[in-house]
Amino acid sequence: MRPFTFTQAQNVDTAVREVSSDGAKFIAGGTNLLDLMKIDVMQPSHLVDITQIALDTIEETEAGGLRLGALVKNADTAYHELVETRYPLLSHAILAGATAQLRNMATDGGNLLQRTRCYYFYDTHTPCNKREPGSGCSAIKGYNRDLAILGTSEHCIATHPSDMCVALAALEATVHVTGKSGERAIPFADFHRLPGDTPHLDSNLQPDEIITSIELPAQGFARNYTYLKLRDRASYAFALVSVAAALELEGNTVKEARIALGGVAHKPWRVPEAEALLQGQTASRENFQKVAEAYLQGAQGFGHNNFKIELAKRAIVRALEKATKMEATA
Amino acid sequence: MKEHYTGTATNRVDGRAKVTGEAKYAAEFEVPDLLYGVVVNSAISKGKITRIDTSAALALPGVHQVFTHENRPGYTWLDSHYQDEDSPPGSPFRPLYNNEIKFSMQPIALVVADTFELARYAALLVHAEYESQPHETDLEANLPKAYKPKKYKSPPPSDPRGDAPGAFAAAEVKLEEAYAHPAHHHNPMEMHASIAIWQESGKLTIYDKIQGVQNSQKYISNAFGVPQEDVQVISPFVGGAFGSGLRPQYQLFLAVLAAKELKRAVKVVLTRQQMFSFGHRPFTIQRLAIGASADGKLESISHNAFAETSRFEDYNEDVVIWPGVLYNCENVEVSHQLVGLDVYTPLDMRAPGGTTGTFALEIAMDEMAYKLNMDPVEFRLKNYTDKDLNKDKPHSSKELKECYRQGAERFGWAKRKMEPRSMKEGHQLIGWGMAHGAWEAQQQEAAAKAVLSPTGKLTVSSATADIGTGTYTVMSQIAAETMGIALEDVTFELGDSTQPKSPLEGGSWTVSSVGSAVKLVCEKLQEQLLKLAQKMENSPFSDAKIEDVSFENGQMFLTQAPATSISLQAILAQDEGQPLEAEASQKPDKKQKNYSSYSHSATFVEVKVDEDLGTVKVTRIVSAVAAGRIINPKTGRSQILGGAVWGIGVALEEHTVLDHTIGRFMTHDLDKYHLPVNADVHETDVIFVEEKDEIVNPLGAKGLGEIGIVSVAPAIANAVFHATGKRIRELPITLDKLM
C-alpha cells in the first residue's frame, strides 16, 4: 500500500474542493477502495473522508418518492420501513449483495461506484485496460466466466458488480451530484458507462463531483417485483446473472414492465424496447420468453461465459413469473 | 467409579483461550524490536530475472534490507538440506537461490523494514525485469508427456491383479469414462506466518505456523547449518492448515534468513493472495474402465490417474488405491502418472488422493449401478470385500456394512426410486445419492513426557500440533482417564520442538500415534507410583504387581480389594514432594502388520436442483462413519461436519482458476475462491457406527481427520444425477453444467 494523505470534509463544498486535487479520492465505507489500495490496484495519494457530511438520511420527496442520502448505509436502506414497504425490490436487491458486515459499512453512494470484480483487474501483474489504459484486455481470451455478454468492447468485458444498482436501474432512480460547477441530476440509465474505448471510466461522474443522494420516483412496483440472483453459492458471491423485475398489472394484463439485468454488462442492463413488448400483453410464460429473447439480442459470449446468454433468458422468464404470481397469491 | 473421559463428548479444553483471544497464533507473539518482512513475488511463470532494482525500496528511511538472489548469503544449497519430512522425491524449491523463475508468484525478494506498512510499501517499489520463456501449465494439453516417476512419494501403485483388460473385454456390462478434479488451494483461516528471533548466542527462537514444529526445526537446522539444539520452534495454536502446514513454507526460510543476517527478530506473514503461491491439491484426470456381469458382479477395474506436479519435485498421492480397498474384484489394474508443469509442487490437502480418487471411483460405480439397474447400496454390498485386496490382508475391523445400514435408515433411502428425475417439487428436481469411502488408520512412532506434581496435577507434553482438530482436549482426556484423575487436573502441552518427538500432525494419525504415547507414559508413571507406594512402611501394596492395582478418583487401590487405597498425593509425599516424571515412546505393535486398518464412511445426500436455472442446493447429508473408538464424540462430530461442509465445496464450488495463457493461478482471494458459506449448509447428520478394534493401536481409535470428506462430493454428484439425469464428471458442478 502506498502512502497517502487524509482529510475529513465536513460539508459538500469542502469535499468537492478537496477531491479536485490530483490523485484524490473520496472514502466513505471503504469496503471496496481499501481492498483495492492494499493490492495496489488503486493508488490515491489523498483520501477525503466524507463520512462526517450530513448525507445520511432517507426522506420523502414532494413528488411522492424517496431521497436516499449518499451516506446512508446499505443495511439501513434495505431495512428502512419506507424502502421495505414501497420499494421492496430495492430492499431485496441490497440484501442479495455482499455480507451483513459489508452492508453495515458500505454506503449507498459508494455502492454505485464499486469497481469490477474481473480477475485481471485485481491482479497488477496482468494487462487490463480498465486498470491501466492501453495495456490490453487479458479477459477476452482468458478466464471470462464471470464477465460480460452485452455492451462489451474489444477493450473490456468487465461487469458492474452491484446488486443495488440493478434495482435502481429498474426503478429509474435519479442520481444527484454536486461538483465545482454546481449540482446536476443524472438519470440512472446515464450514470454508468459502457466500456467502449475508455474502459477505465466506470461512470459519468466527474472527478470533482460527489454523489449527494439517490432519488426514487413515486412508482415503487411494491406489488409485483422480484430480484433473482444466480450465483455460484448461496451468499457472498457476485451475480453470474441477476434480474430485477417489476410489473404493473391489471388483472393478468401487463400495464408496465421493468426489467434490469446484473452481471452481464458494464452497467445494469435495460432494454426499454424489449420491455415495451409486454405492454398490454398477457402475463404469460410465452410472452415472457419473447421479452427474454429480445433482451439478449446481440449478446456475445467469450467462451467460458457463453452460458450466461441462455441463463439470462431463463432468469428473465423465471423472475417475471415470480413477479406475476405475487399478486395472484396476494 | 472410574471416570470415562474417553468416549464422552467433551468441550475443548482450549475453547476459552480461543474465543477470548488468549490463544496466540504464530504471527501474534509480541516480540520486542521486531522487524517486518514483506515478500515480493514473480510476475512471470517461467524465465529469468534479468534485473532487479531495489534502490527505491532501500532509499526509504526505515527499510533495513531487501534480500534477493543477488545479495542472499551463501548458505548450503544441497537438495538434501532443503528436504523436510513431507518432501516428495526431487529437488526442493530454494527461495532466492538464483535468477531462475520456475512458477508464477515465486518469491523473488524480501523487504525488511521497521513497520509492516513501510515494508509493504517498499515491496511495491522493488522493480524486477524478466526474460520470459514459454511455460506449460495445462495438464490436459500435456497429457502425452505423462511419466511414471522413478520414485513415488507414497507407496507406488499396486501391481496388476488378474487380467483387467481381458476381463473388461469379456464383461457383459462396461463403463469407460474420464473424470477431472480441479486444483484446490488449502486456504486455512490463518495465513502462513513466521517470527524468527536471532539471539546473541546465535540461537534462534521461531514462532511458525506448522503442523509439526520438529519438521521446521530440522529444516532450518539443515538449510542454515545451525545445530538442531540451537533452533527452537514454537507453535501452540494453528488456525487451520489442512496439509498446507505439513511442509515448512517460504515465509519461514525468509524470516530466518533475514533474522540471521540482520541479527534481529523478523516477522513474515503471507497475504491471502500469497496463499495461492505455493502447494495445492493437484489437478488430476482419472480414466476408469469398469466391467461387470449382468447380475452386478465386478469383473474388471482399471483406474489410471494423471496428475500435475512441478518441474522440480514428483508429488503424488494415493489416488488409485481405492478399488483394492473398497471393492471385491479379481482383475484390477491401476496407475498414477505425472505431468511436469511450470507450477509449484502440489501439497497434501485433507485426504490427499482420497478426496480425488474417491470422487472418480464412486461416480463411476454409481454409473455402473445405473447400467445394471441396481440400487447403488445393493451394488456395493454385492461387491463388498472383507479384505484389503491391495495388501491381501484382512481388516483389523470394518463396519462399513453397518454404515450403509444405519446411514440408509436415518436417511430414508428405502423410499428411493431408482429412476432419475423421479422426484420434483415445483421447479426443484430432487435427487438422492450415496457414496462410500475409506481412509487408512495409521500409527507412527511418537513420544510423550508426563510430570505429576506433588499436588496431583499432571502435565503431559509432546511436540505435536492442534490444527483445530481438538488435540489438546483429546490428549487431556486420554491422560485423565488413564491416570484416574480429574480432567481439570491435566494439562497437555504441544507445539514446542523441545518436547518429546512427535510425527507431523496429519494423516489422521495423531490420536493413534500421540494418544498411544500419552497412554503409555501415564502407565509408566503408574509403575513409578506403585514402586514409591511399596517403599512406604508396612505398605499394603508391597506384594502388588502393576496388574493388581487400579487408578481412579486420584487414588491407587488394589483391584481385588478396593478398600486398600492411597491417594496419588500421599504417594508423592513419600518422595519429599518431588514431582514424578516419565517419558515414553510408543511404536506400532507388530501384530498390526498382519492386518490392514481403515476408517470407513457411507454418505447419503439429498439435493434440489432448479430444472431451468441449474442451481444446486444440498438439503440433507447423512454421514455414517466407522472409525474405531471415538475418543471425543463432540470434537469428532465437528471433524465429520467439517468434512461434509468441505465436501459441498468440493462438489459444487471450489477450484483455483489457472490462466494458461499467462501460466498463473488467477484466483487470489476468498471472494473468488468459493468455499461454502452458512447459507449453503443445511441439515447434516453424523452417525458414529460402533466398531471395536483391538489391533489398530492401544486406544482402538482410527482417526477422523480425513474420513469425513472423502465420500461427500461423489455422493452429491450422484444425487445431482438422480435429480437431473445429467452425469457431471468434472468438478465443481456449477450451474452452467446443469442448464
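How many Å separate the centres of domain 1 of chain A and domain 2 of chain A, taken over C-alpha atoms? In this predicted model, the two centres lie 36 Å apart. The domain assignment places domain 1 of chain A at residues 5–48 and domain 2 of chain A at residues 224–329. Confidence in the prediction is expressed by several values. For the complex, the predictor gives an ipTM of 0.97 and a pTM of 0.98. For chain B, the mean pLDDT is 97, and 100% of the residues of chain B reach 70 or more.

Chain A also carries an annotation from a sequence record. According to an unreviewed UniProt entry, residues 1–221 of chain A are covered by the feature "domain: FAD-binding PCMH-type". Within residues 1–221 of chain A, helix accounts for 25% of the chain and strand for 17%. The C-alpha atoms at the two ends of this stretch are 45 Å apart.

An open sheet in chain A is built from three strands in the order 1-3-2, with parallel pairing. Strand 1 (5–8) and strand 2 (24–27) of chain A are the edge strands; each has a single partner strand, so one side of each is left without a neighbour in the sheet. From one strand to the next, the twist averages 25°. Helix 1 of chain A, residues 12–19, packs on this sheet and touches strand 1, strand 2 and strand 3 of chain A. The direction of helix 1 makes about 145° with that of strand 2 of chain A.

The pairings within this sheet can be followed residue by residue. Strand 1 of chain A runs parallel to strand 3 of chain A, and four bridges join them. In this pairing, Thr7(A) stands opposite Val48(A) of strand 3. Strand 2 of chain A is likewise paired in the parallel sense with strand 3 (residues 46–49) of chain A, over four bridges. Here Phe26(A) stands opposite Val48(A), and Ile27(A) stands opposite Asp49(A), also in strand 3 of chain A. Val48(A) thus faces Thr7(A) and Phe26(A). In a regular strand, side chains alternate between the two faces of the sheet.

A backbone feature of chain A is found at Tyr236(A), where phi is near 50°, a positive value in a residue other than glycine. Tyr236(A) belongs to the loop that links strand 9 (224–230) and strand 10 (241–250) of chain A.

Chain B is assigned three domains. Domain 1 of chain B comprises residues 15–21 and 444–587, domain 2 comprises residues 31–134 and 190–271, and domain 3 comprises residues 164–184, 280–442 and 593–737. The centres of domain 1 and domain 2 of chain B, taken over C-alpha atoms, are separated by 39 Å. Contacts between these two domains involve 16 residues of domain 1 of chain B and 20 residues of domain 2 of chain B. On the domain 1 side, the residues divide into six nonpolar, six polar and four charged.

An unreviewed UniProt entry assigns the annotation "domain: Aldehyde oxidase/xanthine dehydrogenase a/b hammerhead" to residues 20–134 of chain B. This stretch of chain B is 13% helix and 30% strand, with its end C-alpha atoms 51 Å apart.

Chain B contains an open sheet of three strands in the order 4-2-6, and its pairing is antiparallel. Strand 4 (100–101) and strand 6 (127–132) of chain B form the edges, each pairing on one side only. Six bridges connect strand 2 (residues 47–53) of chain B with strand 6 of chain B in the antiparallel sense. One of the bridge partnerships joins Gly47(B) to Ser132(B), the latter in strand 6 of chain B.

A cis peptide bond occurs in chain B from Leu731(B) to Pro732(B), with omega near -5°. Pro732(B) is located in the segment after helix 16 (712–724) of chain B.

The two chains meet at an interface in which 27 residues of chain B are in contact with 28 residues of chain A. Helix 3 (residues 116–125) of chain B contributes four residues, the largest share of the side of chain B that touches chain A. The residues on this side of chain B are twelve nonpolar, six polar and nine charged.

Note on methods
Residues are numbered from 1 along each chain as its sequence is written. Chains are lettered from A and ligands numbered from 1 in the order in which they are written. This is a predicted model: local features need pLDDT of at least 70, side-chain atom pairs count only at pLDDT 80 or more; totals for chains, interfaces and linings use all residues. Two residues are in contact if their C-beta atoms, placed from the backbone, lie within 7 Å. Ala, Val, Leu, Ile, Met, Phe, Trp, Tyr, Cys and Pro count as nonpolar, Asp, Glu, Lys and Arg as charged, and the others, Gly among them, as polar. Two strands pair if DSSP finds at least two bridges between them. Axes are lines fitted to C-alpha atoms, for helices over the stretch in contact, and angles run from 0 to 180 degrees between N-to-C directions. Domain bounds come from an automatic or database domain assignment. UniProt positions are given in the numbering used here, feature names are shortened, and annotations may be inferred rather than shown by experiment. pLDDT is the predictor's confidence in each residue, from 0 to 100.
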